[in-house]
Amino acid sequence: MSIASYLSEDLGASVEFDTFRDAFRETLQNVFSRRADFDELSTSRGLPPFVMREIQSLTPLSVFIPEEYGGRGGHVHECQAILATASYESLALSLTLGINGALFLQPLTKYGHEEVKGPIFERFTEDKNMGGLMITEPDYGTDALNMKTSYTKEDGTYHVDGTKHWAGLTGWADFWLITARRQGSDGELGRDIDFFVADMNQPEQLVEVEEFYENLGLYMIPYGRNNVDIRVPEEHRLQPNSTGIKMMLDTLHRSRIEFPGMGMGFLQRILDEAISHARERSVGGQALINYDQVQRRITEIQAAFTACSAMCLHTSEHAHTDNDLSGKALSANAIKTVVTDLMQDASQSLLQLMGGKGYQLDNVAGRSVVDSRPFQIFEGSNDVLYQQISEAMLKSMRQLKETNLETFLSDHDLTSRAVEYFDDTLNFEVDQSLSQRKLVELGRILGRIVTMELVIELGDRGFRSDLISNCLQVFKTNAEGLLAGYHETKQTSVIEDYVEGSAWIDFVQA
Ligand SMILES: Cc1cc2nc3c(=O)[nH]c(=O)nc-3n(C[C@H](O)[C@H](O)[C@H](O)COP(=O)(O)OP(=O)(O)OC[C@H]3O[C@@H](n4cnc5c(N)ncnc54)[C@H](O)[C@@H]3O)c2cc1C
């Protein structure tokens, strides 16, 4: 491991990563468990200023900043590890760091104009500034490519105009990346998407918050609706290598593939909470952990921990900003969908095991349920991403003129070894004209097979074999259950006008 050149105020010397991470962990433990009441922190909105000051004193975001600009060099395993350390204590804090890293610092590193990068990175390392990304608009979320925020060029500056909402760190970030489409002289919007850096210290670049939202969870992070009517210098436009849409895909795929960093500490915390609660809680004269169904739940949480570990390993070796991830839809989408499902399922399971106690607002279980839920929605709704996973695979099958799923997956580098765990259940022909719901079901299955492949690789590297074999068994069972549903061909449709003849009380024989 290279000796990082980053100089920490507190450590006063150039620090090895392990030392850096340990100091960060200690600061978080201090802030979350000792200095502030953790429960109060996570049930009230925002963060007391001293908390963020202490967290930022170690400059955790330096892991995302290139060495030549005073950062630790943007090593992905360091980024993943810092996100994981944060999410053990607070998923919202980890998402805050993830937003800054994947949605602002990494795209700026890769596509930013040399002239603006230095001063901005300096403001992150010295002044502990923060940045986020605005893509979503009130009428264009999933359908982001049709966004209406526009830009025109006037006298060497760009005028960006539109409405953005749900951007994490609304009203708090010092910098924004704002997406927009070029408006031609005929008023028409071009098809490509461009990114502009806005500096909230500059009055003409200031984005105006029109409304703050009462978000259900992730209380630490402000969200809302913003009016964008700003003017930024020419150098504030990111420079795509080819098209802006490819730049956006590269950025979003990198961000999605980095979700396991946020999942990792979160899942480990859920696992630790589940084990300690099940050992301590006595029901019917014995510890909960002795019940078979409890064992089942905890094994599944543990499988999620192992699978997420495997994803972190894969991400660390594949997501560097030097790599072009615009074509990596399969791995990025599979990892994002599966890890976010695992996070939500694990927190639901912990809540079940906790019983009534888990439903208290300040309990880690209930809070984890609401905090992890939007991960299945943002950066690509999971329903849509599962569909895209299947579509990408069907396209490759068409190109190879292959119709058998098992044969195709046996030859694919993201699935070839995982397929061997299935007896004959993947040996069937795939229809090229599947309904959307079947595409989604198939995408779920494929996402789990890809995850198994990553777990096999983790096992090869020497990770504990008992955890690996349990995890593979859980995922195989899960995928086979989904396969049974996939083969069910009877399709139901919504009866929209359902009220007439549907009141149960009319049929009571009293
Ligand atoms: C906590 C949180 C944080 C966020 N952070 C950011 C951020 O930092 N920056 C940013 O720009 N945005 C952010 N967002 C916005 C987020 O990316 C959007 O909410 C998301 O893209 C969905 O868009 P939408 O809300 O307009 O829902 P819609 O586009 O209306 O979609 C709603 C649902 O409809 C279904 N659906 C949509 N299209 C299809 C389809 N083609 N086929 C089948 N089903 C479909 C899906 O189930 C989908 O979840 C955040 C949102 C949340 C909740």
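A residue counts as buried if 20 or more other C-beta atoms lie within 10 Å of its own, as exposed if 12 or fewer do, and as partly exposed in between. The exercises below apply this to a predicted model.

**Exercise 1.** Determine whether Lys128 is buried, partly exposed or exposed, and describe its backbone and its place in the chain.

*Solution.* Begin with the count: Lys128 has 16 C-beta neighbours inside 10 Å, and because this number falls between the two cut-offs, Lys128 counts as partly exposed. Next, place the residue, which sits in the loop between α6 (114-126) and β1 (131-134). Finally, consider the backbone: most residues other than glycine have a negative phi. Lys128, although it is not a glycine, has a positive phi of about 60°.

**Exercise 2.** Carry out the same analysis for Glu379, stating its burial class, its location and its phi.

*Solution.* Glu379 has 22 C-beta neighbours inside 10 Å, and since the cut-off for burial is 20 or more, Glu379 counts as buried. In the chain, Glu379 belongs to the loop that runs between α11 (364-372) and α12 (382-400). Its phi is near 50°, which is a positive value in a residue other than glycine.

**Exercise 3.** Describe the surroundings of Gln106, from its secondary structure element to its contacts.

*Solution.* The element comes first: Gln106 is part of helix α5 (residues 91-111). With 24 other C-beta atoms within 10 Å, Gln106 reaches the cut-off of 20 or more and is therefore buried. Leaving aside residues up to four places away in sequence, Gln106 touches Phe64, Gly101, Arg254 and Thr321. As for Glu235, which is 129 residues from Gln106 along the chain, the C-alpha atoms of the two are separated by 17 Å.

**Exercise 4.** Work out where the ligand lies relative to the domains, and characterise the shell around the ligand.

*Solution.* The protein is divided into domain 1 (17-128), domain 2 (133-241) and domain 3 (381-488). There are 19 residues around the ligand, of which Ile135, Thr136, Gly141, Thr142 and Ser381 come nearest. The elements that contribute two or more residues to this shell are β1 and α12, and β1 gives the most, with 3 residues. Sorted by class, the shell holds 11 nonpolar, 6 polar and 2 charged residues. Because domain 2 and domain 3 both give residues to the shell, the ligand lies between them. The centres of domain 2 and domain 3, taken over C-alpha atoms, are separated by 37 Å.

Definitions and conventions. Residues are numbered from 1 along each chain as its sequence is written. This is a predicted model: local features need pLDDT of at least 70, side-chain atom pairs count only at pLDDT 80 or more; totals for chains, interfaces and linings use all residues. Domain bounds come from an automatic or database domain assignment. Helices (H or I, at least four residues) and strands (E, at least two) are DSSP runs, numbered from the N terminus. Two residues are in contact if their C-beta atoms, placed from the backbone, lie within 7 Å. A residue is near a molecule or strand if its C-beta atom, placed from the backbone, lies within 6 Å of it. Ala, Val, Leu, Ile, Met, Phe, Trp, Tyr, Cys and Pro count as nonpolar, Asp, Glu, Lys and Arg as charged, and the others, Gly among them, as polar.
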